[in-house]
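Open the model in your viewer and keep the sequence panel visible. The stops below are selections to make one after another.

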Amino acid sequence: MKITILGAGAWGSALAISLARGHEITLWSRDAAHLAEIARTRRNERYLPGFELPAAVSIEPELARALSGAHLVLVVVPTAGFRATLRQLAACDIGVPVIWAAKGFEPDTAKLLHQVAQEELPGGIERGVLSGPSFAHEVAQGLPCALTFAAREPAFAHHTAVALNHNRMRVYSTTDVIGVELGGAVKNVMAIAAGISDGMGFGHNARAALITRGLAEMTRLGLCLGGRLETFMGLAGVGDLILTCTGDLSRNRTVGKQLAAGRDLATILGELGHTAEGVHTCAEVLKKARQLGIEMPISQQVYRVMFEGLSPRQAVEDLLSREPKAEYRSA
Ligand SMILES: NC(=O)C1=CN([C@@H]2O[C@H](COP(=O)(O)OP(=O)(O)OC[C@H]3O[C@@H](n4cnc5c(N)ncnc54)[C@H](O)[C@@H]3O)[C@@H](O)[C@H]2O)C=CC1
Ligand SMILES: O=C(CO)COP(=O)(O)O
């Protein structure tokens, strides 16, 4: 299959390297100068240093040419650029399936990406989302991983998962698009919380509590939005939650650790040099939770630490001083 990947950050580049095992890949980005450097060096030293691009990956700065002959388009830009990228794509009159691998709500609109796709892509174009526990660096190394691909149409979900699957990347399929997208969005907020807790030295018990109660928040919101319980218990839910809350390769977890060290958010993001989707998605998650009357105390405290100057220590004390409750309750 010929797959065109839009977005040459860490994840777009890692997927290009990984999928080049069985497909012909064309990599495109809005940043022509960066693409020219990748084409010259056959490496993406800016976002994914240390990996050579396989021969099956071509670089194409002209979008229409990048899309020519493609059987599948994979959009891997941050949520902030998702709508604009789909608009460019739609202007090229594509007639092939479009799938995406970004995680989070669209900034400001509190929309999940399938809703943005619904607004921007012509009707009749098959679509879906790839998610799950997958640090770009490990995927580029060819280490084993398992992901999930969600699409409304079961046959499309199955065939796409089969096409993306290879012996280092097991891809499962589901029709729960909302659950998969919501899991990927909320886990990034929880990774910031876990980073704060670990950065404060609160220990393994506290982190396990955050992951578990984070899963409860994800599930409460996700079920209300129409996601399915089993999705939150799967790769795109608890799987990715565990990875990002515990793995030091996580950019969101790094943001949390730096906040715990008392550093200012703007400085942290400036130095990170990568996207940390949990930062803006936190506000969108809380917007949704408010609209639906759902309690999300951990997300609330992460927001207050990032944007209202609450100290990480006070944030944790506030969480612990809440009235004891039943562990399970309906939304
Ligand atoms: N890095 C990882 O391990 C994984 C990342 N993801 C998700 O993939 C998405 C992309 O992340 P990364 O590639 O890691 O980010 P990155 O920070 O490594 O690279 C971002 C890329 O997007 C481009 N970009 C930045 N703003 C843009 C905009 N407004 N419009 C179009 N392009 C823009 C940059 O030029 C760069 O090429 C995010 O939603 C992230 O949550 C998902 C799974 C794994
Ligand atoms: O989504 C990811 C792994 O599944 C990457 O997480 P970060 O964006 O926190 O690095």
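Select Gly 262, which follows helix H12 and has a positive phi, near 85 degrees. The coordinates on screen are a predicted model.

Step back to H12 itself, residues 251-260. Is this helix enclosed or open to the outside? Of its 10 residues, 10 are buried, so H12 is largely enclosed by the rest of the structure. The buried set runs through Arg 251, Asn 252, Arg 253, Thr 254, Val 255, Gly 256, Lys 257, Gln 258, Leu 259 and Ala 260. To see what covers them, show H8 and H11 together with helix H13 (265-272), helix H14 (278-292), helix H15 (297-307) and helix H16 (312-320), which are included in the cover.

Now keep H8 (177-199) and H12 and hide the rest. The pair can be described by two numbers, since packed helices are characterised by the angle between their axes and the distance between those axes. Here the axes come within 6 Å, with a crossing angle of roughly 40 degrees. The crossing is right-handed. On the H8 side, the contact is made by Asn 188, Ala 191, Ile 192, Ala 193, Ala 194, Gly 195, Ile 196, Asp 198 and Gly 199. H12 contributes Asn 252, Arg 253, Thr 254, Val 255, Gly 256, Lys 257, Leu 259 and Ala 260. By class, this contact holds eight nonpolar, six polar and three charged residues.

Turn on ligand 2 next. Which residues surround it? The shell consists of Lys 103, Pro 133, Ser 134, Phe 135, Asn 188, Ala 191, Asp 240, Leu 243, Thr 244, Ser 250, Arg 251 and Asn 252. H8, H11 (235-246) and H12 each supply at least two of these residues, and H11 gives the most, with three. The shell around ligand 2 divides into four nonpolar, five polar and three charged residues.

Move to ligand 1, which has 28 residues around it. The closest are Gly 9, Ala 10, Gly 81, Ala 102 and Ala 136. Helix H1 (10-19) and helix H4 (82-91) are the elements that give two or more residues to this shell, and H1 gives the most, with three. The shell around ligand 1 has 13 nonpolar, 11 polar and four charged residues.

For a wider view, select residues 176-317, which UniProt lists, in an unreviewed entry, as "domain: Glycerol-3-phosphate dehydrogenase NAD-dependent C-terminal". This stretch is 79% helix and 0% strand, and its end C-alpha atoms are 36 Å apart.

Within that range, pick Leu 225 in helix H9 (203-225). Leu 225 is partly exposed, because 15 other C-beta atoms lie within 10 Å. Leaving out residues up to four places away in sequence, Leu 225 touches Ile 178 and Leu 182. For a long distance label, join the C-alpha atoms of Leu 225 and Ala 55: they are 43 Å apart, with the two positions 170 residues apart along the chain.

Two loop residues end the tour. Asp 93 sits in the loop between H4 and strand S7 (98-100). Its phi is near 60 degrees, a positive value in a residue other than glycine. Asp 93 is exposed, with 9 other C-beta atoms within 10 Å. Past S7, in the loop leading to helix H5 (113-120), select Asp 108. Asp 108 also has a positive phi, about 75 degrees, although it is not a glycine. Asp 108 is exposed, having 11 other C-beta atoms within 10 Å.

Key. Residues are numbered from 1 along each chain as its sequence is written. Chains are lettered from A and ligands numbered from 1 in the order in which they are written. This is a predicted model: local features need pLDDT of at least 70, side-chain atom pairs count only at pLDDT 80 or more; totals for chains, interfaces and linings use all residues. A residue is near a molecule or strand if its C-beta atom, placed from the backbone, lies within 6 Å of it. Helices (H or I, at least four residues) and strands (E, at least two) are DSSP runs, numbered from the N terminus. Ala, Val, Leu, Ile, Met, Phe, Trp, Tyr, Cys and Pro count as nonpolar, Asp, Glu, Lys and Arg as charged, and the others, Gly among them, as polar. UniProt positions are given in the numbering used here, feature names are shortened, and annotations may be inferred rather than shown by experiment. Axes are lines fitted to C-alpha atoms, for helices over the stretch in contact, and angles run from 0 to 180 degrees between N-to-C directions. A crossing is left-handed if the near helix is turned anticlockwise from the far one by less than a right angle, and right-handed if clockwise. Two residues are in contact if their C-beta atoms, placed from the backbone, lie within 7 Å. A residue is buried if 20 or more other C-beta atoms lie within 10 Å of its own, exposed if 12 or fewer, and partly exposed in between; C-beta atoms are placed from the backbone.
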